[in-house]
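Got your viewer open and a selection box ready? Let's take a walk through this one, stop by stop.

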Amino acid sequence: MELLEDKDSTWDIKDVVSGSLDDQFFRYDGNVPSYGYKSSTYWIRMTFDNRSSIDEWLLEVAYPPHDLVSLYTPTQDGGFRLSKTGDLLPFSSREIHHRNFIYKLEAPPGEVKTYFLKVKSDGSMQLPVTLWSGEEFYQKSLLEYILLGLYFGFGLIMIIYNLFLYGSLRVSSYLWYVLFILSIMLVHFTLNGLSYQYIWPEMPWWNNRAILFFMAGANISALIFTKSFLNTKVYTPKLHKLINWYVLLQPILIGILLVDYETALNLIMVATIGVIGIVTSAAVLCWKKGYQPSKYFFFGWITFLIGVAVSSFADMGLIPITFVTKYASQLGSGAEIILFSLALAEKIKRLRLEKESAEQNARKSQELSVKHLKQANQIKDEFLANTSHEFRTPLHGIIGIAESLRDTEEVDERIKHNLSLIISSGSRLTHLINDLLDASKLKYHEMDLEIDSVKLKDLAEVTIAVSSASVNKPITIKNLIPDTVPPVAADKNRLQQIMYNLIGNAMKYTDMGDVVLSAEAEEKKITVSIKDSGIGISEVDMENIFDSFKRGTNLLDRASVGTGLGLSITKQLVELHGGEITIQSILGEGTTVSFSIPIYEGRKHLTQQIIRNPLENLLSGESNYDIAVHTNGEVSPGKILIADDESVNVHVLLSHLSIAGYELEVTNNAIRYTKKFGLIAIDIKRTKVLPELLFNEILSFSQTEEVSFLQVSISDSGKGISVDSISHIFERFYREEKARTGQDTNTGLGLSITKEIIECHQGHIWVESKIGEGSIFHFILPLNPEDQKGERS
């Protein structure tokens with residue numbers, strides 16, 4: 001095979017065969033002739049001496065991007081027959097439909113023929129010309145198609161897989177990676193002649209430009225994928241801006257390609273080199289800054305770069321064309337796809353770890369927030385309960401003083417009416433405070449029930465009598481509870497509260513008609529029903545009718561509505577008794593509330609009594625007065641000592657008892673005085689002595705035969721006693737845990753001795769306590785003359 005370079009592309013077949021150019025032909029002894037990117041036309045002179053028995057051969061030019069390939073076959077008349085093909089001609093112009101250029105040669109055995117091949121191309125001038133027998137060619141082609149199928153099949157699988165990941169994770173890097181793989185696949189699909197064979201066989205103009213078009217598209221997708229994957233905006237801000245400009249440059253190059261192929265070829269090749277430099281620099285910088293996924297990206301890109309470089313050097317004729325150098329870019333792109341996939345997996349792993357860490361931090365933050373909210377809610381509840389508890393004293397004072405003034409004869413009717421309004425408002429506020437305290441107790445399971453036998457009919461009569469006193473509407477309350485209904489097991493006060501709430505609601509939301517109470521005995525329970533003919537409850541409101549602070553939406557136009565606590569407390573009280581409560585209602589027709597209470601079978605506690613330890617608490621402070629004597633000037637029916645540190649309580653007692661004519665004395669320190677009293681009322685909270693010491697001093701104070709008994713209540717606001725300790729609190733040598741750990745050096749004898757002393761005097765001592773709120777010690781002591789002699793001290 002001899003070669004001739006026509007630098008000006010001016011010679012034709014006559015010039016070449018004339019003999020005048022024979023001295024310019026040269027023999028190429030290498031593997032595949034390759035002269036890089038040249039505009040010259042190359043002629044190949046092939047002399048074929050057929051010494052085999054095969055008379056049909058196939059001549060292959062295995063480089064599909066050539067623009068024009070012309071074969072001159074000698075004829076018998078001494079001329080030549082022209083067979084012309086190339087990527088500038090329709091695919092149908094080829095003798096054999098193959099991705100490469102294939103010609104049939106007929107050379108009978110023993111003959112010698114000379115063929116001329118003319119090759120023209122604006123791209124790389126490669127001349128991989130091979131003569132094959134038919135069988136060898138088809139075996140070689142089959143192997144090539146299998147390898148190409150594996151390569152493009154792998155790329156297609158990666159495209160589908162990453163599209164699936166993008167659809168699942170919605171990470172933009174996957175989408176740009178898919179576009180990058182697609183662009184690379186299309187470059188090689190076109191470069192190998194498969195696009196022209198299978199996709200656009202009749203579009204030579206487009207086929208000639210398709211490789212450069214897809215290279216520009218690969219540059220765009222590679223740059224955007226780099227931005228997205230490496231997060232260049234954060235790690236390399238300057239390169240990020242350069243990448244943006246480079247992305248905008250590629251559409252301009254595509255526009256030039258549509259007009260001038262040769263200029264676009266040079267610009268796109270230079271731009272591709274720039275893209276390689278930018279992407280490689282970004283990967284190195286991000287890796288240096290600690291972004292771990294960039295190492296896979298770097299090695300993937302370097303592998304691809306090496307493959308492209310090897311193929312480019314082969315195209316430029318700098319290195320020989322072999323199977324490896326010919327397909328180096330495809331091998332490199334395959335390795336790149338694998339490494340990029342590993343890089344994406346590393347990035348997703350990193351994102352997953354960051355997400356898990358963020359979720360864990362969010363979960364911890366949420367748990368902490370919930371904890372703080374619970375603490376705040378508990379503090380709020382405690383504050384509400386404590387504040388409500390403290391409101392009771394001044395409210396009782398207001399109501400008591402108003403009642404004492406109203407009952408005075410000198411007050412006229414107008415003032416009495418105003419005082420009655422004060423009393424009514426105070427009672428309503430007291431009821432609200434009681435509801436708040438009950439709600440707090442029920443929430444923290446601190447409600448204590450004293451279960452006893454209660455007759456429903458009698459209790460209903462009392463409740464109806466109390467409720468009817470405030471009715472100023474044409475409503476009739478009927479008690480249809482039979483006398484034969486057996487007693488129920490309930491706390492009388494709490495059961496009355498349940499009935500009072502339900503009857504009160506029925507009356508409140510009934511403008512006229514009847515409120516009917518009925519009861520029916522079942523197996524081990526009594527079901528009580530309270531039916532009214534009021535406004536009813538909507539289905540929407542029925543869903544949350546028992547929630548705290550919830551009120552019906554049809555109550556907004558009512559003149560008087562409740563706090564929304566009544567039914568919630570009622571439901572919890574019913575359930576605390578072991579019963580159930582249900583509501584049936586028709587909007588505009590009325591409501592029936594039914595609740596069940598167990599039949600009485602014996603006295604028992606339904607909840608655990610909570611008590612507190614007074615030994616931990618020291619009471620502080622003094623009242624603002626020492627002792628004062630109050631008298632109305634008339635003959636006194638008796639003398640009463642009031643010992644209290646709360647001025648409002650004192651004022652209420654003074655107001656009521658002075659009207660009755662008692663001689664009253666007030667002090668904040670009863671143990672200092674030895675006067676004779678018919679009654680001693682003591683509520684000392686702030687005396688700085690322990691209960692047993694206070695008891696001994698009170699014993700020494702009460703030196704009178706006129707006092708028949710003494711009841712003392714001593715309260716504190718300390719930490720209280722644990723539940724486990726209450727049953728042992730009066731035992732000898734028993735101390736709380738803090739005493740056993742050395743925090744308290746008390747001997748554990750004080751309360752035991754106090755209890756024994758009280759019982760020696762036929763007295764009784766007991767404790768009420770709530771964890772975190774304090775303790776109240778109560779004791780009653782009879783003081784008869786016989787008990788006050790001898791061993792008192």
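Colour by secondary structure and you get 21 helices and 25 strands, where helices (H or I, at least four residues) and strands (E, at least two) are DSSP runs, numbered from the N terminus. This is a predicted model, where local features need pLDDT of at least 70 and side-chain atom pairs count only at pLDDT 80 or more, while totals for chains, interfaces and linings use all residues. Residues are numbered from 1 along each chain as its sequence is written, and side-chain values use heavy atoms, with hydrogens and water left out.

Of the 793 residues, 44% count as buried, meaning under 20% relative accessible area with a 1.4 Å probe and protein chains only as cover (exposed is over 50%, partly exposed in between).

**First selection: the sheet**

Pick out β13, β15, β16, β18 and β17: in that order they make an open sheet of five strands with mixed pairing. Two strands pair here if DSSP finds at least two bridges between them. β13 (475-479) and β17 (581-586) are the edge strands with a single partner each, so one side of each has no neighbour in the sheet. Direction ignored, neighbouring strands are turned by 15° against each other on average; axes are lines fitted to C-alpha atoms, for helices over the stretch in contact, and angles run from 0 to 180 degrees between N-to-C directions.

**Zoom in: β13**

Next, show β13 with β15 (residues 513-521), its parallel partner over five bridges. Ile475 has Gly513 as its bridge partner, and Ile477 stands opposite Val515. Which side chains of β13 are buried? Ile475, Ile477 and Asn479 are, pointing to one face, whereas Thr476 and Lys478 point to the other and are not.

**Add the helices**

Turn on α13 (residues 456-468), which lies across β13, β15 and β16 (525-532) and runs at about 165° to β13. Then add α14 (residues 492-508): this helix packs on the sheet, touching β13, β15, β16 and β18 (590-598), and its direction makes about 175° with that of β18. Contact means heavy atoms within 4.5 Å.

**Last stop: a nonpolar patch**

Switch to a surface and select Leu142, Leu143, Ile146, Leu147, Leu150, Phe323, Val324 and Leu331, which make a nonpolar patch of about 810 Å². Its residues have over 30% relative accessible area and no salt bridge, with nonpolar side chains (Val, Leu, Ile, Met, Phe, Trp, Tyr) joined within 5 Å. A salt bridge is a side-chain nitrogen of Lys or Arg within 4 Å of a carboxyl oxygen of Asp or Glu; areas come from the Shrake-Rupley method with a 1.4 Å probe. The largest share, five residues, comes from α2, and Phe323 sits in α10.

How values were computed:
Patch = residues over 30% accessible without salt bridge, like charges linked within 9 Å, V, L, I, M, F, W, Y side chains within 5 Å.
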